[in-house]
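Let's take a walk through this structure and look at how charged side chains pair up. Have the sequence and the 3D view ready.

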Amino acid sequence: MKNFLIVAALGGTVLWGCKDATGEFVDLNSGQKITVEKDQEKGYMVNADTRKAVYLYVDPETRDTFYGRTGRVVNNNITRDGSGMFRYTGDEDYVYKNGDYKVKAEADGDLKVKDGDYKLKVDEDGDMKVKDGDYKKKVEADGDMKIKDGDTKVKVDDGKVKVKKDD
């Protein structure tokens, strides 16, 4: 009977420690109370109100800290960076380099690609920026767009297109 209780207690701890935590939590870096839920499309935890990814969050009852990409408890793997923000020490940026070509998948969800003068950045909110010489393009997650190519500027805002050419 004693062995059964120990096994049951350990099993409950393992299940509890890896749960997809949903409910009321505190964002570790902002200190704000938030409701956390799993984004079924992206697979990581988000603030239910803003739909933005949650990096680190704390259960105020258990004082466990969770990593937003996986929902895992990361209590002893938290440090402060130079700016005072909390970081998960197991969270690494992925970088691939080959000559001038570089891809960087950042821990915060941003993606950057650079190849000579060409640069692409896609942030975790879905905004995108492209630069290639004099050509610049910015596309926001809501579909609004700005393009600058030399002396021509194009702006698309709520489906309305405006073109401006500098003389």
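Which side chain meets that of arginine 51 in a salt bridge at 2.4 Å, N to O? Keep in mind as you look that this is a predicted model. The partner is glutamate 37. Now see where the two sit: glutamate 37 belongs to strand 2, which covers residues 33–38, while arginine 51 is in the loop between strand 3 (45–47) and strand 4 (56–58). They are 14 residues apart, so this pair links distant parts of the chain.

How open are these two to the outside? Arginine 51 comes out as partly exposed, with 37% relative accessibility. Glutamate 37 is partly exposed too, at 30%.

Stay with arginine 51, though, as there's another contact to find. Its side chain also meets that of aspartate 39 in a salt bridge, this one at 3.6 Å, N to O. Aspartate 39 lies in the loop between strand 2 and strand 3, and arginine 51 in the loop between strand 3 and strand 4, so the contact ties together parts of the chain 12 residues apart in sequence. Is aspartate 39 buried or exposed? It counts as buried, because its relative accessibility is 10% and the cut-off for buried is under 20%.

Put the pieces together and you get one network: Glu37, Asp39 and Arg51 are joined by salt bridges that share partners. The structure holds 2 salt bridges in total.

Conventions
Residues are numbered from 1 along each chain as its sequence is written. This is a predicted model: local features need pLDDT of at least 70, side-chain atom pairs count only at pLDDT 80 or more; totals for chains, interfaces and linings use all residues. Side-chain values use heavy atoms; hydrogens and water are left out. A salt bridge is a side-chain nitrogen of Lys or Arg within 4 Å of a carboxyl oxygen of Asp or Glu. Helices (H or I, at least four residues) and strands (E, at least two) are DSSP runs, numbered from the N terminus. Buried means under 20% relative accessible area, exposed over 50%, partly exposed in between (1.4 Å probe, protein chains only).
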